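Here are my notes on the charged pairs and the nonpolar packing, as promised. Have the coordinates open while you read.

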Amino acid sequence: LSEERDELELELEGSEQTTTLESEIEELESEITELSNRQGTIEQAAEDLQSVIQANETFLDGDVETVGLTDEDSVTAALNPDSQTVECWTCGSEVEQAEISERIATLRELVAQHRTEMNEIDGQITELRREKARLQDRLDEQEEMTRRLAELDNRIDQHDGKIQQL
């Protein structure tokens, strides 16, 4: 029992302190929470942009002639719908349909960038969770060794008491 206790003490001395492991786990939890919040913010922004894209696409897919074709539009503009001017549903100014299409393309790029960033953050969160699990396993092992050491000390004390009694 004494030999086993000595081995456990050496093993515990060679491993990280419990408080160090606990603080590292807390730091990882904090990072995970921060990244999750950031991911949620980016996801909401992407959803908002997607709603704007859909609204603009619905606007463009509608009957443009009745929606906003001005008297100043030429026959050429009528033949080329992208050159037709319409009243912007967001600001009320006259703009060509091509400009709205360009804005939609830009918004789509932004949504794609947001999704890429969300995927990167998701990968970081996954890695942090793996690291946290690894540290938690080490902490659990240390706690088990500490418990086992206390148990051995108790048994040794009991045996020493019996020896003294005998």
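1. Start with Arg130: this is a predicted model, and in it Arg130 is exposed, with a relative accessible area of 54%. The cut-off for that label is over 50%, so 54% puts Arg130 in the exposed class. Its salt-bridge partner is Glu127, and the closest N and O atoms of the two are 3.2 Å apart. Glu127 comes out as partly exposed, at 44%. Both residues belong to helix α5, which runs over residues 97-165, and they sit three residues apart, about one turn of the helix.

2. Have a look at Glu131 and Arg134 next. Their side chains meet in a salt bridge with an N to O distance of 2.4 Å. Again we are in helix α5, with a spacing of three residues, or about one helical turn. What about their accessibility? Glu131 is partly exposed at 25%, and Arg134 is also partly exposed, at 37%. Buried would need a value under 20%, so Glu131 at 25% counts as partly exposed.

3. Further along α5, Glu144 and Arg147 are three residues apart, about one turn of the helix. They form a salt bridge too, and here the closest N and O atoms are 2.3 Å apart. Both are partly exposed: Arg147 has a relative accessibility of 43%, and Glu144 has 40%.

4. Don't treat that last pair in isolation. Which residues share a network of salt bridges with Glu144 and Arg147? Glu4, Arg148 and Glu151 are linked with them in it. For the overall tally, a search of the whole structure gives ten salt bridges. As background, oppositely charged side chains can pair when their charged atoms come close.

5. Now the nonpolar side. How many residues does the largest nonpolar core have? The count is twelve, among them Leu21, Ile25, Leu28, Ile32, Met118, Ile121, Leu135 and Leu139. Two elements give two or more residues to this core: α2, spanning 18-61, and α5. So that you can select the rest in your viewer, the list also includes Leu35, Ile42, Ile125 and Leu128.

6. One more selection to make: there is a second, separate core of nine residues, and Ile53, Val95, Ile100 and Ile104 are among its members.

7. To tie this together, α5 holds the Glu127 and Arg130 pair, the Glu131 and Arg134 pair, and the Arg147 and Glu144 pair. Helix α5 also contributes two or more residues to the largest nonpolar core, as does α2.

Terms used
Residues numbered from 1 in each chain as written. Predicted model: local features only at pLDDT ≥ 70, side-chain atom pairs only at ≥ 80, totals over all residues. Heavy atoms only, no water. Salt bridge = Lys/Arg side-chain N within 4 Å of Asp/Glu carboxyl O. Helix = DSSP H or I, 4+ residues; strand = E, 2+ residues; numbered from the N terminus. Buried < 20%, exposed > 50% of the residue type's maximum accessible area, 1.4 Å probe, protein only. Core = buried A, V, L, I, M, F, W, Y, C linked by side-chain atoms within 4.5 Å.
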